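Visitor: I'd like a quick tour of this one before I set anything up. Can you show me the structure and let me ask about it?

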Amino acid sequence: MVRVTASVPTWHTKVTGTERPFTQYEVQMKVGDTTCTRKLRYSVFRELHKKLSSKHKSLPFPSRRIVTNNQDPRFIETRRKGLEEFLQEVLKIQPIPNVLWQFLNIDSNEIKRKVSKLPELMVFKEKCSVEVPAAILRGVSDGIRIQYPAG
């Protein structure tokens, strides 16, 4: 089974020349045994949310501003958690939207090749009610598609 996970474990504030300070959020996307790390600004997440929200209206997303300073570490940490929750909800959309791979600048064809190592196997993140290795072996040997139960 190829597992897909996403996290936003940390953030960094950048100051460049005369620009105002800005925050970059570190995104770690793991597909199987391959990890991709990107540092992205909030505005990039907002664009992804905007693209997805036309079809998926219930995706959670942290607010753009609050009354306090956007560079306050408590505010940034709250936003980081919200962005991580957002990415985890995006991963629940099946199949995973190509716009997510574009957002992370990952070649979706490369991901599809990884996921399709075992022909006819559909990969879902949800837990399976049967032992996963046995389910995969049965699915491959029988040529069926495995879909993990929702819930």
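What follows is a short chat about the sheet, the helices and the salt bridges.

Guide: Keep in mind that this is a predicted model.

Visitor: What is the strand order in the open sheet of three strands?

Guide: The pairing here is antiparallel. Neighbouring strands are turned by 20° against each other on average, ignoring direction. Reading across the open sheet, the order is β1-β2-β3.

Visitor: Which strands stand at the edges?

Guide: An edge strand here has a single partner, so one side of it is left without a neighbour in the sheet. That fits residues 4–14 and residues 34–41. The edge strands are β1 and β3.

Visitor: How many bridges join β1 to β2?

Guide: β2 covers residues 22–31, and β1 and β2 run antiparallel. To pick out one spot, S7 stands opposite Q28 in β2. As for the bridges joining β1 to β2, the count is nine.

Visitor: At about what angle does helix α2 run to β1?

Guide: Take helix α1 as a warm-up: residues 42–53 lie across β1, β2 and β3, at about 105° to β3. Helix α2, residues 73–90, lies across β1 and β2. Its angle to β1 is about 155°.

Visitor: On to charges. Is D72 buried or exposed?

Guide: The side chain of D72 meets that of R74 in a salt bridge, at 3.1 Å from N to O. R74 has a relative accessible area of 66%, so R74 is exposed. D72 has 17%, and the cut-off for buried is under 20%. That makes D72 buried.

Visitor: How far apart, N to O, are the side chains of R80 and E77 in their salt bridge?

Guide: R80 and E77 sit three residues apart in helix α2, so about one helical turn separates them. R80 is buried at 9% relative accessible area, while E77 counts as partly exposed at 26%. Their N to O distance is 2.6 Å.

Visitor: Which residues do salt bridges that share partners join into one network?

Guide: Side chains of opposite charge can pair when their charged atoms come close. R80 meets E77 in one salt bridge, and R80 also meets E84, at 3.9 Å from N to O. E84 and R80 are four residues apart in helix α2, about one turn, and both are buried. The network is E77, R80 and E84.

Visitor: And how many salt bridges does the structure hold?

Guide: We've been through D72 with R74, R80 with E77, and E84 with R80. Those are among the structure's salt bridges, and the total is four.

Notes: Residues are numbered from 1 along each chain as its sequence is written. This is a predicted model: local features need pLDDT of at least 70, side-chain atom pairs count only at pLDDT 80 or more; totals for chains, interfaces and linings use all residues. Side-chain values use heavy atoms; hydrogens and water are left out. Two strands pair if DSSP finds at least two bridges between them. Helices (H or I, at least four residues) and strands (E, at least two) are DSSP runs, numbered from the N terminus. Axes are lines fitted to C-alpha atoms, for helices over the stretch in contact, and angles run from 0 to 180 degrees between N-to-C directions. Contact means heavy atoms within 4.5 Å. Buried means under 20% relative accessible area, exposed over 50%, partly exposed in between (1.4 Å probe, protein chains only).
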